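Here are my notes on the metal site and the internal space. Please read them beside the model.

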Amino acid sequence: MDRNMNTTFNQLKTLLQEVHDLTKASAVLGWDRQTYMPPGGAAARSRQMSTLSKLVHERLTSDEMGELLESLDEWHRSLDPDSDEAALIRYARREFTRGRAVPADLVQEMTLATGEANRVWQQARKEDDFRKFLPHLEKMFDLARQYAACFPHFEHPYDALLDRFEQGLTKAELTRIFEAIKRPQSELFKAILGSGVEIDDRMLRQHFPADAQIAASLEAAQMLGFDLQRGRLDLTTHPFASAFSVNDARITTRVNENFLNACLFGTLHETGHALYELGVAPRLEGLPLARGTSSGVHESQSRLFENLIGRSRAFARALLPVLQKHFPAQLGDASVEAFYRAINKVQPSFIRVEADEVSYNLHIIVRFEIEVALIEGGLAPADLPDAWRQKFEQYLGITPPTDREGVLQDVHWSWGLIGHFQSYALGNILACQWWERMRDDLPDPDALMAAGNITPLREWLIEHVHRHGRKYPPQELVRRVTGGPIDPAPYLRYLQAKYGQIYAVG
Ligand code: ZN
């Protein structure tokens, strides 16, 4: 390496390390806010986190950053595109360009409008009053359109919104993917509802004391590879995972004492997120590349551990004895088969976060189509509740009786998260793509899972997905692992095989 370039590159690296440290410090504050902070800390905490995010923005878009990137431009083109150096420069350039493209007053207006929209949304949901939220919803979509207009090089304004969560993914590509799953998934769901098969899940709906649920869930997380030397499990209201370094990832959970699933599978879900962050190559620690590459790929890890492993027939053999140890009175007599069927019961729900595997992506497609129509202007925000009900009836065959159970249920739009819902569906699809490749590579994954030995599966994921961190954008990662584009076929095969068998349909 040229000596001058070496110095310049190290300056860039130092700057990016500082940015990364500020981001992670903010993550610690955010984790504390959701777990241990007393209510009195709220106002100061908001200010502290907003100061940190301002510092991050200033550094990423500073003149110094611009000058460093310019000096490195020619050298960058001579680098192996697969090198960490090239990836780091690509990352910095993208953040710099994106940060500079959006005027400061628009950023500020978005922050202010979000705080207000979120406050009103909480009220409107409680009172089931869509009209109350409407002006704020209009405002959020208006601001989203203004934000998208800052990036005129995208083919469609929705692409600019998507790019924040899934670099390079477009509305056209997403439409192709969702069109492929929409009919078959909807038909499978309706066939199950019409099958007359009733699964008895009463074993999961007994009284399970909170302490024992947390202990059992933690033990299950440890079976998947979660290590208390490099993580913690705590309680919260809306569970999430957060990583402070490649050696410290926090997961959170919540407990419903009358239903086992929320704590158990919620914990396994967050464990998947944490394992992704903990699997990033140690050499990337301290740099902004040391994190999951996108929301969708992140969700592919959480869903893989929660569903493809956690709700599999094979893993049920290892999981049930652990639960029986913690709940001998409630589950002592349960058979593996009855437990497997109970944890995979399909039941119609209006609420996305309660949806089973078969209907989950249909909830997302409703939201995606509505978001696109609102951004394109083909749908007015005032007509949203009707549009929601129509699509729900069409894809799921059920109609939410209230807006609280319909259009008002999610927090995302009040936070300005438009273009984000798709990552949940994409995660389910990607999880099955990794899964099929992994099953080709490992001799007998079912035997491993049945024995509670998840290590070879996790090592496969580290090797192919985790260790790269944010080095490759999502679609490139998919190509590297599977040799092709995002492909919904493995996902459909998985759903049809699993639920066709459980419900004797298809
Ligand atoms: Zn998640």
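**Notes on the zinc site and the largest cavity**

1. The zinc ion has an irregular arrangement, because its four donor atoms subtend angles of 50 to 128°. Four donors would count as tetrahedral with all angles between 85 and 135 degrees, or as square planar with opposite donors over 155 degrees apart and all others between 65 and 115; six count as octahedral by that second rule, and anything else is irregular.

2. This is a predicted model: local features need pLDDT of at least 70, side-chain atom pairs count only at pLDDT 80 or more, and totals for chains, interfaces and linings use all residues. Residues are numbered from 1 along each chain as its sequence is written, and side-chain values use heavy atoms, without hydrogens and water.

3. His-269 (NE2), His-273 (NE2) and Glu-299 (OE, listed twice) are the protein donors, 2.1 to 2.7 Å from the zinc ion. Donors are N, O and S atoms within 2.8 Å of the metal (3.2 Å for Na, K and Ca); water is not among the atoms, so sites may look incomplete.

4. Along the chain, the donor spacing reads H-x3-H-x25-E. His-269 in helix H10 (residues 261–278) and Glu-299 in helix H11 lie 30 residues apart, a pair that links distant parts of the chain. Helices are DSSP runs (H or I, at least four residues), numbered from the N terminus.

5. His-269 is buried, at 11% relative accessible area. Glu-299 is buried too, at 10%. Buried means under 20% (1.4 Å probe, protein chains only).

6. H11 also gives the most to the lining of the largest cavity, with four residues.

Terms used. Helix = DSSP H or I, 4+ residues; strand = E, 2+ residues; numbered from the N terminus. Buried < 20%, exposed > 50% of the residue type's maximum accessible area, 1.4 Å probe, protein only.
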